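Work through the exercises below with the sequence and the coordinates open. Try each task before reading its solution.

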Amino acid sequence: MFWSHPDAVKLTNSCNLVFLIDSTYKTNKYKLSLLDIVGVTPTRMTFSAGFAYLEGERLNNVVWALEWFQGLFMRADALPGVTVTNRDLSLMNAVKTVFPDATNLLCLFHIDKNVKAKCKTLVAQKNAWDYVMEAWGSLVDCPNESSFEEYLKKFEMACSLWPMFVDYVCQT
């Protein structure tokens with residue numbers, strides 16, 4: 001089942017540049033996945049663009065929901081420009097199938113969550129953890145492209161103190 005509020009359809013058509021798409025898996029009493037599509041306005045406010053209960057987590061289920069979402073757009077030239085997802089391959093492939101011209105970005109929240117989970121197992125000391133996480137945060141929040149190299153070197157230096165962490169980061 002896919003649904004969207006009429007006001008959300010209007011917002012979807014007027015604020016069509018960025019959409020965040022995520023699923024929660026079988027956390028409801030029906031044990032169905034819930035696909036949640038959130039739009040972003042030019043003032044960085046968010047709105048719920050649409051929801052879909054999915055029978056399964058397979059590619060065809062997600063494509064079905066995204067095709068219904070695509071049907072909300074009144075103009076073919078006004079489809080999403082950017083989608084933000086986690087690293088769910090069926091979701092990423094469905095986005096590529098339904099919105100081939102959209103740029104798909106990985107969600108910083110999910111990347112950060114994964115980095116922290118992996119670092120926690122590799123960096124046991126509290127002060128080392130703080131140092132690596134501060135360097136990671138600075139790199140991610142780099143203010144401009146020209147400063148990126150500087151922040152990357154700081155992060156690499158922080159990681160070089162813990163060879164296991166560097167090996168893991170280089171492998172992923």
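The exercises cover the sheet, the helices on it, the nonpolar cores and two loop residues in this predicted model.

**Exercise 1. Work out the strand order of the sheet and find which strands lie at its edges.**

Step 1. The sheet is open and has 6 strands, in the order β1-β4-β3-β2-β5-β6.
Step 2. The edge strands are β1 (2-3) and β6, each of which pairs on one side only.
Step 3. The pairing in the sheet is mixed. In general, strands pair through backbone hydrogen bonds, either parallel or antiparallel. For β2 and β3 the sense is antiparallel, over 7 bridges.
Step 4. As a check on the register, find Leu-20, which stands opposite Val-38 in β3.

**Exercise 2. Place helices α1 and α3 against the strands, then list the buried residues of α3.**

Step 1. Helix α1 (residues 6-14) lies across β2 and β4, and runs at about 115° to β4.
Step 2. Helix α3 lies across β2, β3, β5 and β6, at about 170° to β5.
Step 3. Buried in α3 are Ser-90, Leu-91, Met-92, Ala-94, Val-95 and Val-98.
Step 4. The cover over these buried residues includes β2, β3, α2, β5 (82-85) and β6 (103-106).

**Exercise 3. Describe the largest nonpolar core and say which element gives it the largest share.**

Step 1. This core has 24 residues. Those with the most contacts inside it are Phe-19, Ile-21, Leu-35, Ile-37, Leu-66 and Phe-69.
Step 2. Two or more residues each come from β2 (18-24), β3 (33-40), β4 (46-54), α2 (59-70) and α3 (89-98).
Step 3. The largest share is that of α2, with 5 residues.
Step 4. Take Leu-66 as a case: leaving aside residues up to four places away in sequence, Leu-66 touches Ile-21, Leu-35, Ile-37, Ala-94, Val-95, Val-98 and Phe-99.
Step 5. Another core, of 11 residues, lies apart from this one, and includes Val-115, Trp-129, Val-132 and Trp-136.

**Exercise 4. Examine phi of Lys-31 and Arg-44, and decide whether each residue is buried or exposed.**

Step 1. Lys-31 is not a glycine, yet its phi is positive, near 55°. Arg-44, also not a glycine, has a positive phi of about 65°.
Step 2. Lys-31 sits in the loop between β2 and β3, and Arg-44 in the loop between β3 and β4.
Step 3. The cut-off for exposed is over 50% relative accessible area. Lys-31 has 54% relative accessibility, so it counts as exposed. Arg-44 has 74%, so Arg-44 counts as exposed.

Technical notes
Residues numbered from 1 in each chain as written. Predicted model: local features only at pLDDT ≥ 70, side-chain atom pairs only at ≥ 80, totals over all residues. Heavy atoms only, no water. Core = buried A, V, L, I, M, F, W, Y, C linked by side-chain atoms within 4.5 Å. Buried < 20%, exposed > 50% of the residue type's maximum accessible area, 1.4 Å probe, protein only. Helix = DSSP H or I, 4+ residues; strand = E, 2+ residues; numbered from the N terminus. Contact = heavy atoms within 4.5 Å. Pairing = 2+ DSSP bridges. Axes fitted to C-alpha atoms, helices over the stretch in contact; angles between N-to-C directions.
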